[in-house]
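This report describes selected local features of a single model, from backbone geometry to enclosed space and ligand surroundings. Please read it alongside the sequence and the structure shown here.

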Amino acid sequence: MKKFEQKYDKLVITTGSAPIVPNIPGIDSDRVFLCKNWANAKELKDNAPKIKSAIVIGAGYIGAELAEGYSTLGKETILIDALPNVLAKNFDENMSKIAEQDFKDHGVKLGMNEKVVSFEDNGDSVKVITDKNEYTADIAVMCVGFKPNTDMFKDNFEILDNGALIIDKYMHTSKTDVFSAEDAASVHYNPTNNNQYIPLATNSVRQGILVGKNIAKDTVPYIGTQSSSAVELFGRTYAASGLTAVHANILNKKVDSITYEDNYRPEFMLTTEKVTINLIWDPETREILGGALTSKYDVSQSANLISLAIQKKVTIDELAMVDFLFQPNFDKPINYVSAAAIAASEK
Ligand SMILES: Cc1cc2nc3c(=O)[nH]c(=O)nc-3n(C[C@H](O)[C@H](O)[C@H](O)COP(=O)(O)OP(=O)(O)OC[C@H]3O[C@@H](n4cnc5c(N)ncnc54)[C@H](O)[C@@H]3O)c2cc1C
């Protein structure tokens, strides 16, 4: 390692994130993989033709996508998570259950509510031992989240509990002339109006742009995030923005919610698909705090609409009456997002 000193006018820290690797006995086996960067992805891809079975640990977006991928390739696949449901951090149970049924229908074995306690490398396979069961497969892949790559900075900066550098709306850290952004930094989460760690490309690209715009002088403030996100599993879209009812409960935030179901376009069309929507709002202000959709139709852009509604503090009553287009190829005379908002407003 070469040490040198370099003076700077402005410093930008974008050291990103690293996969969380829990201190579980046996985790250093060559049969236990990570899934973060291009090298990890290449390793998993090169390895895929050689294996017949895989255990994916962590049923968030990345683990769920990986399990879908292995099952689509015809591998015996097991998906394990310590939480009670798949995608539990982004969706409420009704939508997780739809995903879980799809996994089961495609032969994926689920080990929800199970915490991995150790790994045993058997030479030609790996045994994953949880607090409830034991599973054996050719490989295991850890997808249990990310932590900021900030070890070398965190003693000198204001940080979140996990080490993410706290930044203000102009991307300044707690030190003068030092900026941060992306997976190394916190984001302002609008539904709870505080700083959180949400390592997404969506936040990263916008914060990166803002460092550029603000590096000479404070010019454009960050407007925060709703943590909008989506995934496609077995031909079904799951898209969400803002709080889930479960997340609100964990945060002790009082919310009201509804689930609305309808076909996305009229039944007289040659085909249509069911859409399920969850809407979450503040019962006092009636402002929308979260929403999620799932359908075999591509409903992902409706999560972006809900994101804007949360951002602009739109109420359920306003969303119910927004001028949405109608054309039978695309939707019903009352668009499914309006229809959900009408149901919320009437509740
Ligand atoms: C499998 C996967 C799928 C994803 N899919 C989505 C998605 O669909 N949508 C979405 O919004 N987000 C997604 N994300 C998240 C998204 O990829 C990240 O939020 C984004 O890439 C973060 O960018 P970054 O530049 O902050 O960090 P990183 O990509 O982690 O890059 C940081 C860089 O800094 C370097 N570095 C670290 N420390 C040092 C040091 N001391 N010296 C020099 N260099 C250093 C690292 O080597 C790395 O190259 C996904 C992430 C993963 C892993």
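## Ser-227 and Met-171: positive phi in loops

In this predicted model, Ser-227 counts as buried because its relative accessibility is 14%, which falls under the 20% limit for that class. Ser-227 belongs to the loop that runs between helix 4 and strand 15 (229-233), and although Ser-227 is not a glycine, its phi is positive, at about 60 degrees. Most residues other than glycine have a negative phi.

Met-171 is likewise not a glycine and has a positive phi, here of about 75 degrees. The loop that holds Met-171 lies between strand 11 (146-148) and strand 12 (178-180), and with a relative accessibility of 0%, Met-171 counts as buried.

## Glu-76: an exposed strand residue

Glu-76 is part of strand 5, which spans residues 76-81. Is Glu-76 buried or exposed? Glu-76 is exposed because its relative accessible area is 61%, a value over the 50% that the class requires. Between Glu-76 and Ala-137 the C-alpha to C-alpha distance is 8.1 Å, while the two residues are separated by 61 positions in sequence.

## The ligand and its shell

The ligand is surrounded by 17 residues, of which Met-152, Glu-182, Asp-183, Leu-200 and Ala-201 come nearest. Divided by class, this shell comprises seven nonpolar, seven polar and three charged residues. Helix 4 (residues 201-214) provides the largest share of the shell, with three residues.

Oxygen atoms of the ligand take part in several polar contacts with the protein, two of them through side chains and one through the backbone. A polar side-chain atom of Glu-182 is placed 2.9 Å from a ligand oxygen, and a polar side-chain atom of Ser-204 is 3.5 Å from an oxygen atom of the ligand. For Leu-200, the contact is made by a polar backbone atom, which lies 3.4 Å from a ligand oxygen. Taken on its own, the ligand has 1000 Å² of accessible area, and the protein covers 52% of that area.

## Enclosed space

Rolling a probe the size of a water molecule over the atoms shows where empty space is left. How many cavities of 30 Å³ or more does the structure hold? There are two cavities of that volume or more, and the largest has a volume of about 50 Å³. Its lining consists of Asn-90, Asp-92, Ala-240, Ser-241, Gly-242, Leu-243, Thr-244, Asn-278, Ile-280, Gly-290, Gly-291 and Ala-292. Two or more of these lining residues are given by each of strand 16 (236-242), strand 18 (274-281) and strand 19 (288-295). By class, the lining of the largest cavity contains four nonpolar residues, seven polar residues and one charged residue.

The second largest cavity encloses about 30 Å³ of space. Tyr-260, Asp-262, Asn-263, Tyr-264, Lys-332, Ile-334, Asn-335, Tyr-336 and Ala-339 form the lining of the second largest cavity. At least two of the residues in this lining come from strand 17 (256-263), and at least two from helix 8 (336-346); strand 17 gives the most, with three residues. In the lining of the second largest cavity, five residues are nonpolar, two are polar and two are charged.

Conventions:
Residues are numbered from 1 along each chain as its sequence is written. This is a predicted model: local features need pLDDT of at least 70, side-chain atom pairs count only at pLDDT 80 or more; totals for chains, interfaces and linings use all residues. Side-chain values use heavy atoms; hydrogens and water are left out. A residue is near a molecule or strand if one of its heavy atoms lies within 4 Å of it. A polar contact is a pair of N or O atoms within 3.5 Å; within protein, one must be able to donate a hydrogen and the other to accept it, and residues adjacent in sequence count only if both atoms are side-chain atoms. Accessible areas come from the Shrake-Rupley method with a 1.4 Å probe; for residues, only the protein chains shown count as cover. Helices (H or I, at least four residues) and strands (E, at least two) are DSSP runs, numbered from the N terminus. Ala, Val, Leu, Ile, Met, Phe, Trp, Tyr, Cys and Pro count as nonpolar, Asp, Glu, Lys and Arg as charged, and the others, Gly among them, as polar. On a 1 Å grid over the protein atoms alone, a cavity is a set of points where a 1.4 Å probe fits but cannot get out, and a pocket is an open set with protein on both sides within 12 Å along at least five of seven lines; lining residues have an atom within 4 Å of a point. Grid points are joined across faces, edges and corners, and a volume is the space filled by probe spheres set on the points. Buried means under 20% relative accessible area, exposed over 50%, partly exposed in between (1.4 Å probe, protein chains only).
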